[in-house]
Amino acid sequence: MASRRRMLLKVIILGDSGVGKTSLMNQYVNRKFSSQYKATIGADFLTKEVQFEDRLFTLQIWDTAGQERFQSLGVAFYRGADCCVLVHDVNVMKSFDNLNNWREEFLIQASPHDPENFPFVVLGNKIDVDGGNSRVVSEKKAKAWCSSKGNIPYFETSAKEGFNVEAAFQCIAKNALKNEPEEEVYLPDTIDVGGGRQQRSSGCEC
Amino acid sequence: MSSDDAHSSSSEHDSTDQNPNPSTSIDQSLDAIEGQLTSISLNHRNSPLPEPPIPPPHHGIGDTLPSDAHSQVEEVGAVEKSGSDVEVENSVSRGEGVLWRNSSDVEGEVEGQGSPSSSGYAGGKGTSSSSGVSGSGIEEISGDEVDQGEGGIRSGSFGGSVDSEWVPGKRHVNEDDASVSWRKRKKHFFVLSHSGKPIYSRYGDEHRLAGFSATLQAIISFVENGGDRVKLVRAGKHQVVFLVKGPIYLVCISCTEEPHESLNEQLELLYGQMILILTKSINRCFEKNPKFDMTPLLGGTDAVFSSLIHSYSWNPATFLHAYSCLPLAYPTRQAAGAILQDVAESGVLFAILMCKHKVISLVGAQKASLHPDDMLLLANFVMSSESFRTSESFSPICLPRYNPMAFLYAYVYYLDADTYLMLLTANPDAFYRLKDWRIRIEMVLLKSNVLNEAQRSMLDGGMHVEDLPVDPSPRSGSLSSHLGQPRPPPDSADRCKALLGGPCGLWHFIYRSIYLDQYVSSEFSSPINTPKQQKRLYRAYQKLYTSMHDRELGPHKTQFRRDNNYVLLCWVTQDFELYAAFDPLADKALAIKTCNRVCQWVKDVENEVFLLGASPFSW
């Protein structure tokens, strides 16, 4: 029964501004797409239930703002994340180059226990644009970078067409599950009445 | 000016007087300002004669007396501050530009998508829905539909017969922050982790509120990042109160018009309840793993929290920080105490015999003392967990005020439907020994008829205002300093009889003994006999308590306040606190006199309504 319990996964989405983080989320959660660009301010939060191998997950998705001026929010936002999604626009080289910065920034701020094996997922978004003709980041290049960072799963997506979005988030759940810590038995101390380590603070003993 | 003088004279207490009962006459403190007040009240009331003592119909204050409502509030003594005037805008809301918004607004969407998209309680949609919520705190009491969780007070005394119909447990699980009904709930409580993972929500499913929970964490963390701390946000009628306890964040969102100090204390108790179940060692789990999800450890405890939150609307112990005893004849309580004392001497840390929320007797091992808040949380835990009723249990529990870091073990056994025994020990192997003790205790209690007496007391109730002795009791001669000079106005007898409730328009009172950490309240009687009225009176007392204990302006000694619903009189000395509610047309001099009588009455029956001789409860 305990293993059947619902798990809540905190998922952080990072990437340069305008790469389509909010659009991906909206496509995934609401199955909606708007071509109008609105910058995310601070962060948006969405919730989505996912089923994976008989288990029910709630993804708590933290859609962050890509603009640099919001990066001070870091520590608070990244704390306790179960998975981090790095997004770039396959039509903008700079957004791909910056993946490394985003990854490092995340690892510094969130300081997970096992940074080498922390679950990331990389999404190359906007593959639909211009029929793929304006594409500058090849799949090969992206995959090469991912494998150099400990075999990060890579997905090519189109938030506009809803392509591969579902698969990408399924993978996020799978990865987070893989990384689930073993349940420890919760065993606080028992009060030691006779012994010396009595707990009283500074109260008087009268 | 004269009021200041009067006030300071009343605050002169004989510090050598250890009597837990009145040593000062309230007449002295209030009479001196009487003249001043009479002129004030004459300004407001054309006729000095009371109108027929029918309580005004149930209205929002603003509805009936838009212009006069405020001036109807008379205040005395040092208390200058009426609850409605309180202007406390704390540190908060530095992030003026709302940084968190409902992401569905991005597309101009409205709710109704398959999964809740989240945030902005008070933003966008929140604002529109909150304007749909009916206004004042008074209306809130009648707003059962939106406020079902709190609506169920039965008649009976505070802390006495808790309603039998109110069922603890999670409410409205299918709601989330996109539901209109959820947004209209008057009082939300949330607990979340420092990573924004939901731990508890009073209404709705925690997982479906994950986005909302993240928003709360973002707000708290954002302010923390600036080296500040968010305590309170006011948004229209709503107050958002934050409490950070290490890695655990607690938030209350309320439009009940309760003082934010009260809401903060309620969050403290909620945290205490969590510690009672898990101990503060839970912090270590978060240190080791910020992703830690503590909800599995709290599995099955929804009823404990919902019942605690429910008690915030009927149990005065939640704001008085005192416990109450079941009224019993002195020898009966003594008999129970004697056998508990034997157990305590055998190595049990605390032995507690309770009937519902009231203590029959209680004994602590040497030097061990039990905080009233711990008792409240322990009793709530035991009473709201159904499994304790069906078998004898041995359960780890933590007393947050005794030692928040470690567990004790509680042997719990129900002797009958209402009466239960709790033996607390540090020894995890003590079950069988305590079971043997329980059998002995049970025999003694049966033999001395304690259980039957307890049942009878539950039925009869304790102090009824109608029984307040009108004539000075025979013993009052020796206690003249307390009684003051009894010089009843000529018409007092007639008027007393004409009113509902007790003499002189007395409707209800609570007396809290400071030395004993105990309180006694009168049973509810007409006209305070519907749940709605009881809850309203409870809230009025709560507000009064807060204003008396105001950290900046207080503490205060006396307060006399008249509004459409009541005359409220509060009198605080070093020995006791008295809260009394009268007919709104009650005469002030008579009300003051009646309070003296109540104090005398409590003194006369203290053997029965209090547990005496127990060691002091705070060290």
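**A hairpin in chain A, a helix and a loop in chain B**

Eight of the ten residues of strand E2 (residues 43-52) of chain A are buried (under 20% relative accessible area, 1.4 Å probe, protein chains only), so E2(A) is largely enclosed by the rest of the structure. This is a predicted model: local features need pLDDT of at least 70, side-chain atom pairs count only at pLDDT 80 or more, and totals for chains, interfaces and linings use all residues. Side-chain values use heavy atoms, without hydrogens and water, residues are numbered from 1 along each chain as its sequence is written, and chains are lettered from A and ligands numbered from 1 in the order in which they are written.

E2(A) runs antiparallel to strand E3 (residues 55-64) of chain A, and ten bridges join them. Strands count as paired if DSSP finds at least two bridges between them. One bridge partner pair is A:Phe45 with A:Trp62 of E3(A). The two strands form a hairpin with two residues between them. In the turn, A:Glu53 has a positive phi of about 50°.

Chain A as a whole has six helices and six strands. These are DSSP runs (helices H or I, at least four residues; strands E, at least two), numbered from the N terminus. Their order along the sequence is β-α-β-β-α-β-α-α-β-α-β-α. Of its 206 residues, 53% count as buried. Take the contacts (heavy atoms within 4.5 Å) between residues at least 6 apart in sequence: 72% join residues at least 24 apart. Chain A exposes about 9,700 Å² (Shrake-Rupley method, 1.4 Å probe), and carbon and sulfur atoms supply 49% of that area.

Now turn to chain B and helix H16 (residues 431-447). Its 17 residues should span 24 Å at 1.5 Å a residue (times one less than the number of residues). The end C-alpha atoms are 24 Å apart, which agrees. Buried here are B:Phe431, B:Leu434, B:Trp437, B:Arg438, B:Ile441, B:Glu442 and B:Leu445. They cover an arc of only 145° around the axis (from the directions to the C-beta atoms), which puts them on the same side of H16(B). The face turned away carries the exposed (over 50%) residues B:Tyr432, B:Met443 and B:Lys447. Cover for the buried residues includes helix H13 (330-345), strand E11 (408-414) and helix H17 (450-460) of chain B. Just after H16(B), B:Asn449 takes a positive phi of about 65°.

Last comes B:Ser526, in the loop between strand E14 (518-521) and helix H20 (531-548) of chain B. B:Ser526 is partly exposed (between 20% and 50%), with a relative accessible area of 30%. Not counting residues up to four places away in sequence, B:Ser526 touches B:Leu500 and B:Gly501.
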